[in-house]
Amino acid sequence: MSSFLEPAAADGPIGRVTALEGEAAATRGDGTTATLSLDTPIYQGDVLETGAGAALNVVFVAQTSFALGANARM
C-alpha cells in the first residue's frame, strides 16, 4: 500500500480533506456522490461542493493545498 505522500496512482486519490466545517460533498467521475469528512480521499475529476456556512481544505499528494468557502463549487 502506498503512502499518502507518494505520487498518486492513476486510479488512486490525488488528495485528502484536511479541514472541514459544515457540510460538503464530492460528485465522483462515475456520478456517485460522497459526503465529505476529515480524511476523505479526493480523486481526479471530483467536483467538490460546500453548503451554506461551510468551508473545506484539501491537501494534494504534491503537498499543495486548496480551500473552498461557503456555497462554492470546484
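The chain exposes about 4,600 Å², and carbon and sulfur atoms supply 54% of that surface; this value, like the others below, is computed from a predicted model. Of the 74 residues in the chain, 28% are buried. When contacts between residues at least 6 apart in sequence are considered, 43% of them join residues that lie at least 24 apart.

In terms of secondary structure the chain has 0 helices and 7 strands, and the elements, read from the N terminus, accordingly run β-β-β-β-β-β-β. An open sheet is formed by 4 strands, which follow one another in the order β4-β1-β6-β7 with antiparallel pairing. Because β4 (41-42) and β7 (65-68) each have a single partner strand, they stand at the edges of this sheet, and one side of each is therefore left without a neighbour in the sheet. The partner of β4 is strand β1, spanning residues 15-21, to which β4 is joined by 2 bridges in the antiparallel sense; here R16 is the residue that stands opposite P41.

Just ahead of this edge strand comes T40, whose place is in the loop between β3 (33-35) and β4. Is T40 buried or exposed? Its relative accessibility is 10%, and because the cut-off for a buried residue is under 20%, T40 counts as buried. Leaving aside residues up to four places away in sequence, T40 touches G15, R16, V17, R28 and T35, and R16 is thus both a contact of T40 and the residue opposite P41 in β4.

A further antiparallel pairing links strand β2, residues 24-27, with β5 over 4 bridges, and within it A26 has L48 of β5 as its bridge partner. Strand β5 itself, covering residues 47-50, shows an alternation of side chains: L48 and T50 point to one face and are buried, whereas V47 and E49 point to the other face and are not buried.

The loop between β1 and β2 holds E23, which offers a contrast in burial to T40. With a relative accessible area of 67%, E23 is exposed, since the threshold for that class is over 50%. Even so, E23 touches E49, T50, G51 and A54 when residues up to four places away in sequence are not counted; among these contacts, E49 and T50 belong to strand β5, where T50 is buried and E49 is not. Along the chain E23 and N71 are 48 residues apart, yet their C-alpha atoms are separated by 9.9 Å.

Notes. Residues numbered from 1 in each chain as written. Predicted model: local features only at pLDDT ≥ 70, side-chain atom pairs only at ≥ 80, totals over all residues. Heavy atoms only, no water. Pairing = 2+ DSSP bridges. Buried < 20%, exposed > 50% of the residue type's maximum accessible area, 1.4 Å probe, protein only. Contact = heavy atoms within 4.5 Å. Areas by Shrake-Rupley, 256 points an atom, 1.4 Å probe, with all protein chains shown as cover.
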